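Q: Could you take a close look at one exposed spot in this structure, and then place it in the chain as a whole?

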Amino acid sequence: WLFFDGIITIFVVAIIGLLAAIAIPNFVQARTSARTNTCINNLRLISAAKDQAALELGLAETAVPTTTQISPYLKTSQLVAGLPKEPTNGTYTVAAVSANPTCSVGSPHTL
């Protein structure tokens with residue numbers, strides 16, 4: 001019986017290892033996708049807040065609103081220096097009223 005217990009243990013460990021090898025890459029991909037989507041949504045929030053501030057404060061199209069001017073229009077509790085927290089430790093740039101905000105992370109994080 002000890003021989004069969006050893007074989008069963010090896011099978012169980014092998015099955016768990018196989019399942020982990022299949023699942024872990026999917027979790028990593030899902031996390032990366034979620035972070036990218038969060039960043040893009042934050043860029044949309046910043047753009048909308050910038051447009052609202054420009055309308056209410058009478059800012060010109062070439063004006064660059066400050067974070068103090070747009071932060072009241074951002075309805076999030078996780079503001080870092082007046083802007084939403086970037087999920088991959090990048091930074092957001094507000095830009096002029098007529099331009100889209102940007103993220104320092106790169107091309108997948110654009111509006």
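A: Ile 16 counts as exposed because its relative accessibility is 54%, where exposed means over 50%, buried under 20% and partly exposed in between, with a 1.4 Å probe and protein chains only. This is a predicted model, in which local features need pLDDT of at least 70 and side-chain atom pairs count only at pLDDT 80 or more, while totals for chains, interfaces and linings use all residues. Residues are numbered from 1 along each chain as its sequence is written, and side-chain values use heavy atoms, with hydrogens and water left out.

Ile 16 lies in helix H1, helices being DSSP runs of H or I with at least four residues and strands runs of E with at least two, numbered from the N terminus. Together with Ile 8 and Val 12, Ile 16 makes a nonpolar surface patch of about 280 Å²; such patches join nonpolar side chains (Val, Leu, Ile, Met, Phe, Trp, Tyr) within 5 Å, from residues with over 30% relative accessible area and no salt bridge, that is, no side-chain nitrogen of Lys or Arg within 4 Å of a carboxyl oxygen of Asp or Glu. Areas come from the Shrake-Rupley method with a 1.4 Å probe, and for residues only the protein chains shown count as cover.

Turning to the whole chain, its order along the sequence is α-α-β-β-β-β, and its C-alpha atoms fill a box of roughly 85 × 25 × 15 Å along the principal axes. Of its 111 residues, 23% count as buried, and the chain exposes about 7,500 Å², of which carbon and sulfur atoms supply 65%.

Methods
Patches are made of residues with over 30% relative accessible area and no salt bridge: like charges are joined within 9 Å, nonpolar side chains (Val, Leu, Ile, Met, Phe, Trp, Tyr) within 5 Å.
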